[in-house]
Amino acid sequence: MVGVMTYENLDAKLINALLGDGRASLRSLAEELDVSVTTVSNHLRDLEEEGVVEGYTPVVNYDALGYDVTAILQLKVEGSKLPDITERLKEEKQMISVYEVTGDYDVIAVGKFKDTDGMNRQIKSLLTDTDIRESNTSVVLNAVVENQQFELDIDE
């Protein structure tokens, strides 16, 4: 069946359109996808309810706001304290990503800072926690790509 759009294809096309413009109106999305506004509204509601689309937020250029120091923290944590440490990191204002990982370290966290002094103060306050057994901090010299999202493949 040529030209028939499947439910999954419409969802993928809708997601891709939102990646291009998260502020697009239902009407403009409907026109772009060649479906009714009601169809777009229903699919978007379903995607939100399923947790596929979790919100509509601006992409902030932290460098432009003076947060041009990015630090990557690798932490070895006392096993049973892993949830406590990740929760603490999650609550730190300038930590933009926190991951539990496999490998040599248990946690990787990424933070944005205005300067190395601020970074140093915040990291040192974290490292006073006795449940952190070892740490390694790297400062990013050049962010080649950051906060990159990708369009979904569409079966045609």
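Visitor: Lys-81 counts as partly exposed, but at what relative accessibility?
Guide: This is a predicted model, in which local features need pLDDT of at least 70, side-chain atom pairs count only at pLDDT 80 or more, and totals for chains, interfaces and linings use all residues. Residues are numbered from 1 along each chain as its sequence is written, while side-chain values use heavy atoms, leaving out hydrogens and water. Lys-81 is partly exposed (buried is under 20% relative accessible area, exposed over 50%, partly exposed in between, with a 1.4 Å probe and protein chains only), because its relative accessibility is 31%.

Visitor: With which residue does Lys-81 form a salt bridge?
Guide: The partner is itself partly exposed, with a relative accessible area of 45%. The closest N and O atoms are 4.0 Å apart in this salt bridge (a side-chain nitrogen of Lys or Arg within 4 Å of a carboxyl oxygen of Asp or Glu), and the residue that pairs with Lys-81 is Asp-84.

Visitor: Which residues are joined into one network by salt bridges that share partners?
Guide: Arg-45 meets Asp-46 at 3.6 Å, N to O, and Arg-45 also meets Glu-49 at 3.8 Å, N to O. Salt bridges that share partners therefore make one network of Arg-45, Asp-46 and Glu-49.

Visitor: In which helix do Arg-45 and Glu-49 both lie?
Guide: Glu-49 counts as exposed because its relative accessibility is 61%, whereas Arg-45, at 40%, counts as partly exposed. The two residues are four apart, about one turn of the helix (a DSSP run of H or I, at least four residues; strands are runs of E, at least two), and that helix is α3.
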